[in-house]
Amino acid sequence: MPRRNVVTWTATLTGYARTGDLESARRCFDAMPHRTVVSWNAMLSGYSQNGFEDEALRLFHDMVDAGFRPNETTWVIVISSCAARGDPTLADSLATLLHRARGIDFNCFLRTALLDMYAKCGRLAAARRIFDDLGPRKNTVTWNAMISAYTRSGDLAPARELFDRMLNKDVVSWNSMIAGYAQNGQSAFAVRLFKDMLTLTGEHPKPDEFTMASVFSACGHLGTLEIGNWAVAFLGKNQIRLGTSGYNSLIFMYSKCGSIKDAQRIFQEMERKDAVSYNTLISGLAAHGRGREALELMSKMKEEGINPDHATYVGILTACSHGGLLQEGRRLFETIEAPSNDHYACMVDLLGRAGEVEEANRLIQTMPMKPHAGVYGSLLNACRIYRRTDLAEMAAYGLFEIEPNNSGNYVLLSNIYAQAGRWEDVDRVRRMMRKRGVMKATGWSWVEHGGEVHKFIAGDRSHERCSEIYHLLANLRRRMERSGYVADGSCVLRDVVEEDREEMVGVHSEKLAVCFALIVSEAGEAIRVMKNMRVCWDCHTAIRAISKLEGREIIVRDNNRFHHFVEGQCSCKDYW
DNA sequence: ATAGGGTTAG
């Protein structure tokens with residue numbers, strides 16, 4: 001390879017940096033007989049593009065010390081490194097330096113980079129000022145940077161306003177907006193916007209692997225496998241090649257839609273797996289109660305030379321918890337170097353579900369940081385399972401302080417009092433909720449069928465096939481009574497249950513959803529029901545019974561966990 | 001020869 005002049009040297013350096021071989025790039029840089037600003041920029045860019053922002057910032061100072069004057073390109077690279085760091089103090093000092101520098105042309109490139117840096121460092125107003133100051137000199141990239149500035153901070157309305165005002169949307173514009181919805185709990189809007197992208201008249205960019213990754217993620221959050229499969233078919237038809245991240249979101253989608261087998265298949269088919277691939281599947285296995293397989297996967301991950309990170313341990317501890325693997329969980333927790341609040345929450349959950357409520361409580365007392373809501377929430381849930389009213393009060397009051405508006409916490413404590421027959425305390429908690437204006441969330445269940453999402457709430461009579469559903473419900477109840485299923489005295493499939501003493505609640509939403517699914521699904525096929533709250537004991541028993549009577553597998557997702565009901569048995573070991 | 005925006009995990 002001829003290395004005659006500074007241009008060939010720099011080109012070689014860039015070549016190494018593009019393949020991620022920064023050591024060779026740096027060796028090349030150090031060996032250069034002469035350097036220009038462009039050589040420095042190439043090295044800076046190499047660091048910045050490969051996630052070594054700190055190295056880039058250090059080299060920037062070396063460059064200034066060596067007497068080189070940064071040009072516009074230098075500033076853009078350094079500013080984007082700072083953007084990735086997200087440090088507002090650094091952003092401000094860099095901006096001060098930039099404004100002191102002489103002879104710099106504040107072109108659109110530079111201003112857009114600045115806009116992005118301010119946005120990523122939490123200075124949204126400063127970002128917007130740059131956006132407005134640019135006036136008609138703004139280009140598509142500037143618009144896109146501003147849209148994602150808003151979606152990152154969860155401001156979907158101003159993001160959508162800019163998106164709608166934009167005249168020349170490119171694929172990144174669409175991706176930013178679709179991802180914005182998907183990441184802010186508005187997955188249904190994400191899917192709708194994707195459909196708009198395909199169907200609206202006029203010139204529209206073709207979806208790429210990033211678009212599809214967001215759509216898969218949205219389908220995962222929604223639990224809509226039919227739409228998900230349609231998106232997968234679209235992917236194949238349009239020959240869109242997925243990268244590792246795209247495959248990761250597919251693993252996520254299948255896991256969340258109850259198709260853990262497909263998630264595993266995608267994982268196996270992937271050529272290049274990263275930590276996220278492993279973490280996603282481990283979490284998926286955890287949600288499905290497959291603790292052993294999750295543990296095996298983490299071993300495999302280590303064998304492949306990929307280090308478990310924060311998310312891996314969250315996933316694996318969840319897997320131990322849901323799979324009833326107490327000893328393994330304890331041992332793993334000890335191996336975590338600096339356990340975070342999340343890890344403590346998982347560990348309290350694991351101990352609590354396994355019946356070691358005292359140990360869980362002691363763990364909270366010895367935590368080196370202030371426990372967050374998840375930690376107390378796990379303890380409170382354990383108190384519900386093991387009827388520890390005394391400890392429940394302590395956990396609940398810790399929780400009310402952190403999350404005064406989370407209705408679930410109040411309901412949980414109220415139900416614990418109800419279990420203990422302490423009705424005056426039940427009333428007290430209910431009054432507390434009213435006084436604080438906390439609304440009880442409605443638990444609804446849904447089933448996807450024929451491209452539509454069918455939703456049910458407790459006592460629902462609004463569904464178009466309502467009479468069929470209630471007819472089936474009554475029929476099932478008769479069959480269950482004949483087969484002696486009510487022998488344990490639990491309130492199986494009662495038409496009306498008294499959920500608390502004030503309200504009479506009709507048939508639970510998941511029973512309605514299961515019956516609807518039985519009516520519409522093809523015989524023999526497994527059915528899926530999604531729920532956003534918790535399957536209550538009543539429904540748990542009922543669904544077990546239905547799975548036995550009907551000989552069908554019923555998969556219920558609730559609270560992001562899956563329960564596979566087969567032949568009257570439920571897959572989860574820890575739940576009740 | 002060097003520069004800005006979008007994707008994944010409980």
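A salt bridge is a side-chain nitrogen of Lys or Arg within 4 Å of a carboxyl oxygen of Asp or Glu. The model described here is predicted, and by this rule its count comes to 26 salt bridges.

**Salt bridges**

Side chains of opposite charge can pair when their charged atoms come close. Three of the pairs are set out below, with the distance between the closest N and O atoms for the first two, and the N to O distance for the third.

| Pair | N to O distance |
|---|---|
| Arg330 and Glu359 | 2.6 Å |
| Arg422 and Asp425 | 2.8 Å |
| Arg552 and Glu550 | 3.7 Å |

Arg330 and Glu359 form a salt bridge that links distant parts of the chain, 29 residues apart: Arg330 belongs to helix H20 (residues 326–335) and Glu359 to helix H22 (residues 357–365). Arg330 has a relative accessible area of 22%, so it is partly exposed. Glu359, at 24%, also counts as partly exposed.

In the second pair, Arg422 is partly exposed at 28%, whereas Asp425 is buried because its relative accessibility is 10%, under the 20% cut-off. Both residues belong to a network of salt bridges that also includes Glu393 and Arg428. In the third pair, Arg552 is buried at 7%, while Glu550 is partly exposed at 25%.

**Helix H3 and its neighbours**

Does the length of helix H3 fit its residue count? Helix H3 has 13 residues (37–49), which at 1.5 Å a residue should span 18 Å; its end C-alpha atoms are 18 Å apart, so the two values agree. The buried residues of H3 include Trp40, Met43, Leu44 and Tyr47. Against H3's buried residues pack helices H1 (6–18), H2 (22–31), H4 (53–65) and H5 (72–85). After H3 comes Gly51, with a positive phi near 85°.**Repeats and domains**

An unreviewed UniProt entry carries the annotation "repeat: PPR" for several spans, including residues 139–173 and 243–273. Residues 139–173 are 74% helix and 0% strand, with end C-alpha atoms 12 Å apart. Residues 243–273 are likewise 74% helix and 0% strand, and their end C-alpha atoms lie 10 Å apart.

Chain A is divided into domain 1 (188–272) and domain 2 (449–570). Contacts join 12 residues of domain 1 to 11 residues of domain 2. About 740 Å² is buried between domain 1 and domain 2, with carbon and sulfur atoms giving 43% of that area. Of the area that domain 1 buries against domain 2, Glu226, Lys256 and Gly258 supply 52%, more than any other three residues. Between domain 1 and domain 2 there are zero salt bridges.

Key
Residues are numbered from 1 along each chain as its sequence is written. Chains are lettered from A and ligands numbered from 1 in the order in which they are written. This is a predicted model: local features need pLDDT of at least 70, side-chain atom pairs count only at pLDDT 80 or more; totals for chains, interfaces and linings use all residues. Side-chain values use heavy atoms; hydrogens and water are left out. Helices (H or I, at least four residues) and strands (E, at least two) are DSSP runs, numbered from the N terminus. The expected span of a helix is 1.5 Å times one less than its number of residues. Buried means under 20% relative accessible area, exposed over 50%, partly exposed in between (1.4 Å probe, protein chains only). Contact means heavy atoms within 4.5 Å. UniProt positions are given in the numbering used here, feature names are shortened, and annotations may be inferred rather than shown by experiment. Domain bounds come from an automatic or database domain assignment. Buried area is the accessible area (1.4 Å probe) that two parts lose on being put together, summed over both.
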